[in-house]
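Okay, thanks for coming, everyone. Let me put the structure up on the screen, and then we'll walk through some side chains together.

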Amino acid sequence: MTAIGSNGLTVAVDLARMRLDYETRGIDVTEVDADPFVQFDRWFDDAVRAELVEPNAVVVSTVSAAGELSSRHVLLKGRPDGGFVFYTNYTSDKSADLDDNGRVALTFAWLGLHRQVNVSGRARRVEAAVSDEYWAVRTRGSQLGGWASDQSAPLADRAELDARQAAVEARFAEVDPVPRPPHWGGWFVEPSSIEFWQGRLNRLHDRIRYERTAEGAWTVGRRSP
């Protein structure tokens, strides 16, 4: 492959030889909290203190009714007891997938700390009051954007989206606050497993995995890297 170097010139990139050894302290089953959510909050706080870019960015992976997988980044906007919350358009592709089967995976990648967290579980829509509460703290521009975008639907061109935005701005010009669209709201992800990954030397990484039992308790163990 090729890339643009710092001097503006095109340089060759050998993907096979691109690597970075992670010389970071590892983690062990004996050191992590018995509650995976407490452990997640600790790592999330570490990412915030490290001033990583968008520490609440998370890859959401879903599967369609036809079995097709898809992934995209969203922003985590809630960490209530027992799960994770993000917000989106309920007519989007990911919402259609979640409405169909609820299966979801989340991946947090905090590369500056050589860490990632992988979550697998089920998602369900949050109560309308929860969505209303978060909608109220969004900027007005983001609220108008939520009305203007029919997320995942085809667009002829950018001009069509700009026209929709202009129409929405005119519609709500005298309206304050902007109401939440009925097609927009939150998803609550309830995990069945949460894995904490810490990069180590020579690709011998640490993987500590929590799994929920049928009784709702958590077991914790180590996985091979």
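So here's a starter: does tyrosine 87 count as buried or exposed, and at what relative accessibility? Keep in mind that what you're looking at is a predicted model. Buried is the word for anything under 20% relative accessible area, and tyrosine 87 comes in at 13%, so buried it is.

Now, who does that ring pair with? Tyrosine 87 and tryptophan 184 have ring centres 5.5 Å apart and planes at 10°, so we call the pair stacked. Along the chain these two are distant: tyrosine 87 belongs to strand 5 and tryptophan 184 to strand 8, 97 residues apart. Tryptophan 184 is buried as well, at 5% relative accessibility.

Tryptophan 184 has another stacked partner, tyrosine 134, with 6.1 Å from centre to centre and 10° between the planes. Again the pair links distant parts of the chain, since tyrosine 134 is in helix 3 and tryptophan 184 in strand 8, with their positions 50 residues apart. Both of these residues are buried.

If you like rings, there's plenty here: the structure has 17 aromatic pairs. One cluster, held together by ring pairs, consists of Phe37, Phe40, Phe44, Phe84, Phe108, Trp110 and Trp218.

Let's stay with helix 3 for a moment. Which of its residues are buried? Helix 3 runs over residues 128–135, and the buried ones are Ser131, Tyr134 and Trp135. Why do they end up on the same side? They cover an arc of only 100° around the axis, and that places them together on one side of helix 3. Turn to the other side and you find Ala129 and Glu133, which are exposed. And what covers the buried residues? Strand 5 (84–89), helix 4 (140–148) and strand 8 (184–198) are among the elements that do.

Okay, switching to charges. Side chains of opposite charge can pair when their charged atoms come close. How many salt bridges does the model have? The count is 18.

Take aspartate 99 and arginine 125, whose side chains meet at 2.7 Å, N to O. Aspartate 99 is in helix 2 (residues 93–101) and arginine 125 in strand 7 (residues 115–125), so this salt bridge ties together parts 26 residues apart in sequence. Both ends are partly exposed: aspartate 99 has a relative accessible area of 42%, and arginine 125 is at 39%. Arginine 125 also lies over the face of tyrosine 90, 3.9 Å from the ring centre. You can see that kind of arrangement at arginine 171 too, whose charged end sits over the ring of tryptophan 147, at 4.6 Å from the centre.

Next, arginine 124 and glutamate 190 form a salt bridge, with their closest N and O atoms 3.3 Å apart. Here the pair ties strand 7, home of arginine 124, to strand 8, home of glutamate 190, across 66 residues of sequence. Arginine 124 is partly exposed at 45%, and so is glutamate 190, at 35%. Salt bridges with shared partners also build a network out of Glu195, Arg207, Arg209, Glu211 and Arg223.

Last one: arginine 42 and aspartate 33 make a salt bridge at 3.4 Å, N to O. Arginine 42 has a relative accessible area of 40%, so it counts as partly exposed. That's it from me; go ahead and rotate the model yourselves!

Definitions and conventions:
Residues are numbered from 1 along each chain as its sequence is written. This is a predicted model: local features need pLDDT of at least 70, side-chain atom pairs count only at pLDDT 80 or more; totals for chains, interfaces and linings use all residues. Side-chain values use heavy atoms; hydrogens and water are left out. Buried means under 20% relative accessible area, exposed over 50%, partly exposed in between (1.4 Å probe, protein chains only). Helices (H or I, at least four residues) and strands (E, at least two) are DSSP runs, numbered from the N terminus. The arc is that of the directions from the helix axis to the C-beta atoms. Contact means heavy atoms within 4.5 Å. A salt bridge is a side-chain nitrogen of Lys or Arg within 4 Å of a carboxyl oxygen of Asp or Glu. Rings of Phe, Tyr and Trp (its six-membered ring) pair if their centres lie within 6.5 Å; planes under 30 degrees apart count as stacked, over 60 as edge-to-face and the rest as tilted. A charge sits over a ring if NZ of Lys or CZ of Arg is within 6 Å of the ring centre and within 35 degrees of the ring normal.
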